[in-house]
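Reader: I have a few quick questions about this chain. Can you walk me through it?

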Amino acid sequence: MTSSPEDSVDTEDPVESLVLHTTDNHVVHLTLNRPDSLNAITPDLRELLIQELQDASADPAVRAVVLTGAGRGFCAGADLRGGAGSAERIAGDVARTIRRGAQRLIAAVLDCEKPVIAAVNGTAAGLGAHLALACDLVLAAESAKFIEVFVRRGLVPDGGGAYLLPRLVGPQRAKELMFFGDALPATAAERLGLVNRVVPGHALEKTAREWAARLAAGPTRALALTKQLVNASLDTDRATSFAAEATAQEINMTTADAREGVASFVERREPRYHGR
């Protein structure tokens, strides 16, 4: 649970406007839309975003997802201005809140069967940073920064941060980021392996669209199975990982795209994948 690094006050937003949704050439574009609060996550926004990701995962017409933020920030973390930090609690309340809230959101990204690209246009702090890092590919504007802001608030990282960060940068770097809570510029995040590519701010949307178009033109089921294998790889032993790989191969070879991929190779032409 985190608060915005730059607190501000805004009026209550209509629920349906909290996440903007557009679809273009089999790509769903999801935009967090609370720019006055740097897109800090309220319970309503979280639930809407989870539903959008689940819908994209289940829709055969969707073949890639792009996630970004409106305005000058990507996401400043969870919005705690409702008094969540000071309210009297019953034992177990916090754990239940985290399980049902931040962890469900991050799981929705990790479990989405379509590739998810984060287009980080500005500050990504706390849960907002973990939301970006849970995505399959991370693009960042040069002005973007990542902040493990929890320690500044006397809090323990949530939203899967202690799971994600060590897997991306190793335990020592993860502890450095979480212990000090310093802002990490996009270029430094790229050097650490947290970001795939840093681009000028004006080129972020264009680059995200280009990457998403390439993914949407790919073998969708093969990408889903590949994502599943990679995400599980660091949690399993070699035998389990090899068994999962063999099963994924078996499943994938029943798809039309796998047959098309082999046929195009034999016929020496570019494959034409349809996501089936």
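**Contacts, sheet and two odd residues**

Author: Start with contacts. Among those in the protein chain with a separation of 6 or more, 72% are between residues 24 or more positions apart. Keep in mind that this is a predicted model.

Reader: Noted. How many helices and strands does the protein chain have?

Author: The protein chain has 11 helices and 10 strands.

Reader: What about the radius of gyration?

Author: The protein chain has 19 Å. A compact globule with 276 residues would have a value near 19 Å, so the two agree.

Reader: And what does the C-alpha trace span along its principal axes?

Author: About 65 × 40 × 35 Å.

Reader: What share of the residues is buried?

Author: Buried residues make up 45% of the 276 in the protein chain.

Reader: Now the surface. How much area does the protein chain expose?

Author: About 14200 Å². Carbon and sulfur atoms supply 54% of that area.

Reader: Switching to the sheet. What is the strand order?

Author: The order is E1-E2-E3-E5-E7-E10. It is an open sheet of six strands, and the pairing is mixed.

Reader: Which are the edge strands?

Author: Strand E1 (19–24) and strand E10 (197–199). Each of them pairs on one side only.

Reader: By how much are neighbouring strands turned against each other?

Author: By 20° on average, with direction ignored.

Reader: Zoom in on E2 and E3. Parallel or antiparallel?

Author: They run parallel. Six bridges join strand E2, residues 27–32, to strand E3, residues 64–69.

Reader: Which residue in E3 does His29 stand opposite?

Author: His29 stands opposite Val66.

Reader: Backbone next. What is phi for His26?

Author: Phi of His26 is near 70°. That is a positive value in a residue other than glycine.

Reader: Where is the place of His26?

Author: His26 is in the loop between E1 and E2.

Reader: Why is His26 called partly exposed?

Author: Because the relative accessible area of His26 is 39%. Partly exposed covers the range between under 20%, which is buried, and over 50%, which is exposed.

Reader: And Arg268, what is phi there?

Author: Arg268 has a positive phi of about 55°, although it is not a glycine. Arg268 sits in the segment after helix H11 (256–266).

Reader: Buried or exposed, that Arg268?

Author: Exposed, because Arg268 has 80% relative accessibility.

Conventions. Residues are numbered from 1 along each chain as its sequence is written. This is a predicted model: local features need pLDDT of at least 70, side-chain atom pairs count only at pLDDT 80 or more; totals for chains, interfaces and linings use all residues. Side-chain values use heavy atoms; hydrogens and water are left out. Two strands pair if DSSP finds at least two bridges between them. Helices (H or I, at least four residues) and strands (E, at least two) are DSSP runs, numbered from the N terminus. Axes are lines fitted to C-alpha atoms, for helices over the stretch in contact, and angles run from 0 to 180 degrees between N-to-C directions. The radius of gyration is taken over C-alpha atoms; the globule rule is 2.2 Å times the number of residues to the power 0.38. Buried means under 20% relative accessible area, exposed over 50%, partly exposed in between (1.4 Å probe, protein chains only). Contact means heavy atoms within 4.5 Å. Accessible areas come from the Shrake-Rupley method with a 1.4 Å probe; for residues, only the protein chains shown count as cover.
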